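Reader: Could you take a close look at one part of this model for me? I would enjoy a connected walk from there to the rest of the chain.

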Amino acid sequence: MVHSEGTMAGNLEEYPLLIGQTGVLKGERWVLNKPLVIGREATCEVVIPDRQVSRFHARLTPTPEGVILEDMGSKNGTHCNGNPVTSPMTLQDGDNVQIALVGQFIFLTSDATIPLAESVDHPGRLRLDLRSRRVWVNQQQVDPSLSALQFHVLHVLFENQGQVVDRQGLIGAAWGDEQAVGVSDQALDALIRRLRDRLASIDPEHPYIITVRGHGLRLDNPPID
């Protein structure tokens, strides 16, 4: 297994990253400045020693247009955000890549976009890890990981928990100030609905994201029972 951090010339922050989310590879990071193969074979850049994983399972290839993910004819398949990868596809920031049923990774477009803080500690049921973009609800990890948009919105609410955040502020946090101009309230509502569904799938007893009509939304993060 080759870990490329600290071993390559140039500014590593300019390159996309692949970060392990499960098992023995959890927290491991690979800089994507050259093609990277995931598989069971020891010569792969990312080795997952499990029989469910093919010898050469999937490949990520950096191109001027972005990082391309392709399945290499694996037996148990490659998925991106829960959807099977049947042809080469360009990854987006925050995409979740799953190898068979045993390996899960998150793709980030650049190390420069990762906050310096490793995690945000709070005695509540909801907890975030900013570096890997993992989320725990009532001590259970949200799996698969939230999309980049969902995580950005949740992070803003988390940082301001107990306070109301206006809708425009949430749109700016999720889509960025430049792209936020063309984003409708309906798009934000759909994003919030999906985010609520993901949290409720683990802890249906508490709503977490509260709508304050005419003002915005706030995060209610109760203490752990």
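Author: Let's begin just past the end of helix α2, where G176 follows with a positive phi, near 90°. Do keep in mind as we go that this is a predicted model.

Stepping back into the helix, α2 covers residues 167-175, and its buried residues are L170, I171, G172 and A174. At the other end, where α2 starts, D166 comes into play: one of its side-chain oxygens reaches to within 3.1 Å of the backbone nitrogen of Q168. So, to gather up this part: D166 makes that approach at the start of α2, buried residues lie within the helix, and G176 with its positive phi comes after it.

From here we can move to a sheet and the helix beside it. Three strands form an open sheet in the order β12-β13-β14, and their pairing is antiparallel. On the edges sit β12 (126-129) and β14 (140-141), each of which pairs on one side only. Four bridges join β12 to β13 (residues 134-137), again in the antiparallel sense. If you would like a pair to pick out on screen, R127 has W136 of β13 as its bridge partner. Helix α1, which spans residues 148-159, packs on this sheet and touches both β12 and β13. The direction of α1 makes about 120° with that of β12.

A third stop is V37, a residue of strand β3 (residues 36-39). Is V37 buried or exposed? V37 counts as buried because its relative accessible area is 14%, and the cut-off for buried is under 20%. Leaving out neighbours within four places in sequence, V37 contacts C44, E45, V46, F56, A58, R59 and M72. Another distance you may like to check is the one to H57: this residue is 20 positions from V37 along the chain, and the two C-alpha atoms are 7.3 Å apart.

Finally, here is the chain as a whole. There are four helices and 16 strands in it. Of its 225 residues, 45% are buried. Among contacts with a separation of 6 or more, 45% are between residues 24 or more positions apart. The chain exposes about 11300 Å², with carbon and sulfur atoms supplying 48% of that area.

Methods:
Residues are numbered from 1 along each chain as its sequence is written. This is a predicted model: local features need pLDDT of at least 70, side-chain atom pairs count only at pLDDT 80 or more; totals for chains, interfaces and linings use all residues. Side-chain values use heavy atoms; hydrogens and water are left out. Helices (H or I, at least four residues) and strands (E, at least two) are DSSP runs, numbered from the N terminus. Buried means under 20% relative accessible area, exposed over 50%, partly exposed in between (1.4 Å probe, protein chains only). Contact means heavy atoms within 4.5 Å. Accessible areas come from the Shrake-Rupley method with a 1.4 Å probe; for residues, only the protein chains shown count as cover. A polar contact is a pair of N or O atoms within 3.5 Å; within protein, one must be able to donate a hydrogen and the other to accept it, and residues adjacent in sequence count only if both atoms are side-chain atoms. Two strands pair if DSSP finds at least two bridges between them. Axes are lines fitted to C-alpha atoms, for helices over the stretch in contact, and angles run from 0 to 180 degrees between N-to-C directions.
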